[in-house]
Structure formats: C-alpha cells, structure tokens
Amino acid sequence: MLKPATTDIEALKTLDERLRWLSAWTIHHANHVRENKDGLKVGGHQASCASMTAIMAALYFHALGPNDRVAVKPHAGPVLHAIHYLLGTQSREALENFRGLGGAQSYPSRTKDKIPVDFSTGSVGLGVAITLFASLVQDYLTAHGWLAEQDRGRFVALIGDAELDEGNIYEAIIEGAKHDVRNLWWIVDYNRQSLDATSADRMFERFDEIFRSCGWRVVELRYGKKLSAALAKHNALKEWFEHLPNAELSALHYQGGAAWRKRIEAELGKKAAPFLTEYDDAALASLFTDLGGHCMESLVDAFDAAQDDVPTLFIAWTIKGFGLPFAGHKDNHAGLMNPTQLAALRGAMGVREGQEWEPLEGIGDNARTGVEALIDRTRVAREKRARSFGTVPIPTIPAPSGDEQSTQAAFGRILLDLSKAGDDLADKIVTTSPDVTVSTNLGAWVNQRGLFRRSALADVFVQAKIASAQKWSADNNGQHIELGIAESNLFLMLAAAGLSGDLFGARLFPIGTLYDPFIARGLDALNYACYQDARFLLVATPSGITLGPEGGAHQSINPPLIALGQPGLRHYEPAYADELAAMMEEAFRLIDDPAGESTYLRLSTRAIQQVERSGDSWREDALAGGYWLREPASGAEAAIVAMGAVMPEALAAWEELSQDIPGLGLLAVTSPDLLHRGWTAAQAARWKGERKPSHVERLLSKLAPSAGLVTLADAAPASLSWLGGVLGQRVAPLGVEKFGQTGSLADLYATYRLDGAAITEAVAELLLPQ
Ligand SMILES: Cc1ncc(C[n+]2csc(CCOP(=O)(O)OP(=O)(O)O)c2C)c(N)n1
Ligand SMILES: [Mg+2]
C-alpha cells in the first residue's frame, strides 16, 4: 500500500479533532441541551471517546477497506456515529437523539443503529473475541467456495485496556491458535484507566507475552514521533518517564506542564535542566501527551506496516480524555464537561456557537479541501449490507424410526440422514461443539462430513489401523468445527457463524451442541449472540436429573427458566422423535426467515417408548408450544401437564387416573417459552382491541375454569407453574428444586417427586374439596 501524502496526515489530524469534537458535543447535547423529561442522567463517555479518536480516524479514513469489519469499544460508540455523520450516512436527527428512543444507541448496535455496525458491543470482552470467530467463519466460507477472495476482509477490534481482564479474550486466542486464525487486528486503547481508577502497572508486558505465545505479532505504539525524538536525546529522562507508575502518569497528564516541570526538576535535578529550558509549560504538557495512540504519523505507519495476514495486537498508548479538561483524571470515565468547559472546547475547535452540528465547521478553506477529499476517498462500507436470507430450501425432515428412542439419539440420526440425503441444506450446515461432539451424538454426522481445518489433519488412528467408531480427520471441506471445552467460545462461534448472511452475504445453518447445564457457563455470550440477531440451532443435551448416574454436577435445573427470559431464542423440549424432527425443520426455517430467531433444543439421553399417532394434527400445536397428548373432556376438572423426558411417567399416571377421573387430559408442553410469549402477546393485542386467544388460552379453555393442573418437568417447577395464571386454574407444580444426585431413574424420580405416585398425590390434592 502506498504511504499517504503528507497532506493526508494533516487531514487525518483534522478529522481526529473533528471526531473528538462531534463525539463530545453529541454527548453534551444529550445531557445539557436536549430537554430532560425525567431527570435521569443521560450519560455517555466523553473521555473514552477522546482516548481513541486518532486511532479511529487513522483506521476509518485511511486503513480500512470495504470488506473490513470492526467491533468498536462500547464507550466509543459516539465516535463511530461521528464518523458516519462525516461520511453522510448518519443523520443529525439520530445524533440529536443520542441515547433517546430510536436515536443513536449508547453502545454500537447491529440491529438498532441505522448506520452499518458490524458487531454490537456492550458487554466488554465479547465484541473483541467475536472478531476472531468471524475471521474463522470467513476462512470457512472461502474454503467452501462461498466467499470470493476479493470479498475477504480483515477483522478489527478496538479494545479498552481494562477489557483485557476479561478471560473470554484468552479463551478465544487459545482457540484461534489451534485454528491458525488470521486477518485480525486488535487495537488496545492503552489509556491505563478503567471505570473506577487507573489500572495495574506494566500489564502490557504480560499481555505481550500471552499474545505472542498464541502466535500474534505485538506492536507497541508507546511514543508519538515528537516525544520519541525528545526522549532519544535525553536518556535519563526517558528512563524516568518509562518507570512512572500509571497513576502518577495520569495525574501528571491531568495537572499539566507546570507539574511536569516541578516533578522533573525534583527527581532529575540538574540532569534535566538542558531539556527543560527547551520547553515552556504548555509545550511540555503537549510533548508528554504525544503518545503513540495520539500520533497520526505513528498510527498510519503502524497500520501500513501490518498488511500481511498475521494476527496483530497493537498496544496504542493514549490518555483517557485526551484534549479535554479532565484528561488523565482517574474519575473521568463517566465524566461530562460542564457548559463552560464545553464552550471552551468549542472555541478551541473554531466552532461557532449555534453551528455545533455543522460537520466541517471552522475548518479553514485550505484544510477543508484535503479533509473533503479524504472523506470522499474513504473506502469503508457506508450502507448496511442487505440481509441475504431465503436461499436454501428446507426439506421435510422425517422422524427416525424406532419404538424406543431418546431425543439425543434421534438428533444424531436426523443429522446423519440429512447428511446422506445431501440436500443443499446439509451442505450449508456447520456444526460445532466444545469437546462434546461424540457425547452429544454429533459423531455420525462428523464421520460423514469431516472436521474443518484450513490445513489438512490426518486421523492417526485410522492410519495406524486402530479400530475406532469415530473418524477424526480434518480438511478444507469439513463441516464440523471442533472447539476446546470453553463454552463461551461455542456461543461466540455460533454468533459469528449465525451472522454469516449479514457479514458475508452467505447464509450458514450453524448447529452447536453442549451439555445443558453448561449453558450457564457461556450465558453472556449466548445473550450477546441473540442480541445481535445471530441465527443458529443450539442443542443442549443431556439435561435434567434424567441424567441419573452422572449426578448433580451435570444435571441441569434452570435452563428452561433462562430460555423463558431470553429474547431471540426459542426453547423447544421434545419428548418424542417425531416432535424433534418437526422442531428441527422449524429451527432451520427460522434461521432462514428474516423475522425468525434462534432455537434451543433441550434433549435427553433417556430412551422412551414412542407414541402412536393418528394423523398429523398434533404437529402444528406442538410447534406452537403444546398439544393435547390425551384430549380432555370438555369442561374437565383436571389435567396433567408434562414436558420432555418425563412424559412416560405422565402417560402412566394418566392411564391410571383417567379410570377414576373421566375426561382427565394430558397436555404435552413442547415450549413453555412460546406459550408464555403467545399469552402476553395476546394480552397486549387485547389492549388494542384485538380479541384473539393465544395458543395456551385455547388449550386450557378446554378445561373447566376451576380445573386443577398438575405440572411435571425435569427442570425448575416454575417453568410450568405459571400456567395457572393464564385462566386462573389451580396448579400443583412438580419439578426439581434442589441439586440432583446420582441414582437410578426410579430412585431419582421418586426422591424428587417426578413419579406416578407424586402425580397421583398432586391430582388428589387438587380435586379434594377445598
Ligand atoms: C462485562 C462488563 N462488565 C462491566 C462493564 C462496565 N464497564 C464498562 S466500561 C468498563 C471499564 C472501561 O475501561 P476500559 O476498557 O479501559 O475502557 P476506556 O478506559 O477506554 O473507557 C466497565 C467496567 C461492562 N460494560 N461489561
Ligand atoms: Mg482504559
């Protein structure tokens, strides 16, 4: 790449200042100018923005190409908006409404912001790591022939230095090393301040070591050109400066030139006299703020020098609040300039009062030409990428045959059958698992479709003719991405693969498997994936105390409750293989549907007797969240309501009790999540005058208004107990409320009251006269 002409450097410097101004002004306007209707602090982070305006100017107006994708540090969101404002892709109205309803979002949001946001950020650490998985998805797509070489890009994360304390970053780079990830730039805004205060000293050396050992190049941008030249002439001063603890460095930046002088005189004495005479106080302050992350020449040089595909960590030294009155102050994270300070900044930027929103206000004619030319030449994508869905026909998925089946085994069979049938869908499926591929029944699929690696990996056991049911060779065509155990990586992988349509214009159908209890380990990353509207199928198996001898450490209790409260994720819990087949078909359809969502299947290893069906009428209801497995008599006084693997107990109890309670119903719940959503949506619609009962209301209205419901789930009983609130019917909730233990199913179901005896007692209690 050609070095930009010097005029470009000047234009970039002007843009750096303009971004600092516009981001500060946007936040100021929201807090001090716009009407505040409720007295709540609006907030925003002027210091975090000022810290990286130079870095972002150099990136967006110089280094980035149209295919590059960036995760912006959440608190620098206003800088991203300012960039798009200058590019003409962000409206003044959205900026004026920053942090207001429908306005520019506090933290960059893929789904809510109108500008192209490549990755949402907010929960620190996750935005960093997803770039690594997105790069892996890019390699996957290229290897499979779905992304042309010229459409490939680089993945950039702009990172707050405190963010580097998030463990998920290290889990990610370890995974990245295994997969030889490339085309990554992670740029640390090393302002040595976090939210609360200044951060621990000399951490960058530790970060260096960790990244280097994972195969990264580390580029430290400590000094700007001016400071570097000055320190080169004064060794003792350089030595002193480099050993200043973070807190002291920040305090000096805040205090300014006189404080620097006094301190240097006190500590270096006569040795520093020649140096100090060269600078007045203002020049001294300006010199010491010339850190690498604020020096346009250094930034441009560093980016230009890193044009190969080696993953690179840039540690750019900066000052939090650079150029603002609270620069370097340890309390500046949420600090806001007051109107007087803002007016002073406006003056210093040459912006006239009343002209604050004028994009290039106050930039002289000569400079303006260069800035306008640079903005015009900017290559970053200006539009949101059109969503590319609906390209893959979803075939009918038949249920695997067999009188006795577990949902987990049926899942493996369905994938194997899909793989053999060889539809388009099967080619677009990519599976991934954190070291539980075999134990979640993905093995047969992997035998068929192979592991994905950019460079081929032979199966040593096959070569040595050692018998094994599982093939484990990898190449460019493989369709399974095997991950290490870290569940957080699974969800970030699903997030990245689930955004492949949006990021690359090529839709994938990602399926991830893990044990149900360990959803909790990656929960924030799962939420992060859903927040961005990534589309995938999550298969969690095994689940519940139905895991028997594996014991409490592996038995899940609350994931259905998690799912009940998780937007963007549909929970299905099948009891039978034909339900599962219908749900998988639906899940694939939802991945492809612009208005769809992701699906979470909670499965079990318990093989149960399959039911006889007469016809298909159950199917639609099952996909809507529940169906009458045994239809109640109209106005029946009671029903058993059960979900998933405990259906045999519910059926047996129904057989026994229905002799005494004619008309007793058995409701199979397949998704508490969907039933609940439908219920609240119908209620909201009623407020608007639409009188359409929800699915759960229709189901339960077959019973008497005073009917009793015994609910049964191998999960927290609250997953189903809320059903009583729908029509005011009485509920006896059975489920698991204490940590499970090892044991046979009969022992455990009896101990935790999930057996026939418990159901009978509960029904009896409900039906006894009150
Ligand atoms: C997972 C998570 N924990 C806590 C926070 C609250 N928080 C926001 S920013 C921040 C620290 C900011 O420091 P740094 O990353 O260094 O950014 P900068 O100094 O550039 O503002 C914290 C703790 C968060 N957003 N996400
Ligand atoms: Mg910081």
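Is Arg99 buried, partly exposed or exposed? Keep that residue in mind while we take a walk through this protein, which is a predicted model. Arg99 turns out to be partly exposed, with a relative accessible area of 24%. A residue counts as buried when this area is under 20% and as exposed when it is over 50%, so a value of 24% falls in between. Arg99 sits in the loop that runs from α5 (92–96) to α6 (126–143). Its backbone deserves a look as well: the phi angle is positive, about 65°, although Arg99 is not a glycine.

Now let us step back and look at the whole protein. The model contains 34 helices and 20 strands. Its radius of gyration is 30 Å, close to the 27 Å that the globule rule gives for 770 residues, so the protein is as compact as a globular protein of that length. If you draw a box around the C-alpha atoms along the principal axes, that box is roughly 100 × 70 × 45 Å.

What share of the 770 residues is buried? The answer is 59%. The accessible surface comes to about 29800 Å², and carbon and sulfur atoms account for 52% of it. You can also ask how the charges are spread. There are 72 positive and 94 negative charges, and the mean positions of the two groups lie 5 Å apart.

The chain also brings distant parts of its sequence together. Take the contacts between residues at least 6 apart in sequence: 77% of them join residues at least 24 apart. Trp21 gives you an example to follow on the screen. This residue belongs to helix α1, which covers residues 6–33. With a relative accessible area of 0%, Trp21 is buried. Beyond its neighbours within four places in sequence, Trp21 is in contact with Leu342, Leu345, Arg346, Met349, Val351 and Glu356. For a sense of scale, try Ile414, which is 393 residues from Trp21 along the chain; the C-alpha atoms of these two residues are separated by 57 Å.

Next, find helix α22, made of residues 487–497. How many of its 11 residues are buried? The count is 11 of the 11, so the helix is largely enclosed by the rest of the structure. Among these buried residues are Leu490, Phe491, Leu492, Met493 and Leu494, and also Glu487, Ser488 and Asn489. It helps to recall a rule about helices here. An α-helix has 3.6 residues a turn, so residues three or four places apart point the same way.

Strand β8 is our next stop, and it covers residues 451–452. Leu451 lies in this strand and counts as buried, at 4% relative accessibility. Leaving out residues up to four places away in sequence, Leu451 touches a group of residues that includes Val446, Trp472, His480 and Glu482. Arg570 is 119 residues from Leu451 in sequence, and their C-alpha atoms are 28 Å apart.

The loops have details of their own. Asp435, between β7 (429–434) and α20 (443–449), has a positive phi near 65° and is a residue other than glycine. Asp435 is partly exposed, with a relative accessible area of 46%. Further along the chain, a cis peptide bond joins Thr541 and Pro542, with omega about -5°. You will find Pro542 in the loop between β12 (537–540) and α25.

A loop residue can be buried too. Gln566 lies between α25 (559–564) and β13 (569–572), and its relative accessible area of 10% makes it buried, because the cut-off is 20%. Which side chain does the side chain of Gln566 meet in a polar contact? It is that of Asn527, at 3.0 Å. Not counting residues up to four places away in sequence, Gln566 touches Asn527 and Cys530.

Our last stop is Thr670, in the loop between β18 (665–669) and α29 (672–687). Thr670 is buried, with a relative accessible area of 1%. A polar atom of the Thr670 side chain lies 3.2 Å from the backbone nitrogen of Gly626. Setting aside neighbours within four places in sequence, the contacts of Thr670 include His571, Tyr572, Glu573, Asp621 and Tyr627.

How values were computed:
Residues are numbered from 1 along each chain as its sequence is written. Chains are lettered from A and ligands numbered from 1 in the order in which they are written. This is a predicted model: local features need pLDDT of at least 70, side-chain atom pairs count only at pLDDT 80 or more; totals for chains, interfaces and linings use all residues. Side-chain values use heavy atoms; hydrogens and water are left out. Helices (H or I, at least four residues) and strands (E, at least two) are DSSP runs, numbered from the N terminus. The radius of gyration is taken over C-alpha atoms; the globule rule is 2.2 Å times the number of residues to the power 0.38. Buried means under 20% relative accessible area, exposed over 50%, partly exposed in between (1.4 Å probe, protein chains only). Contact means heavy atoms within 4.5 Å. Accessible areas come from the Shrake-Rupley method with a 1.4 Å probe; for residues, only the protein chains shown count as cover. Lys and Arg count as positive and Asp and Glu as negative; His and the chain ends are not counted. The place of a charge is taken as NZ of Lys, CZ of Arg, CG of Asp or CD of Glu. A polar contact is a pair of N or O atoms within 3.5 Å; within protein, one must be able to donate a hydrogen and the other to accept it, and residues adjacent in sequence count only if both atoms are side-chain atoms.
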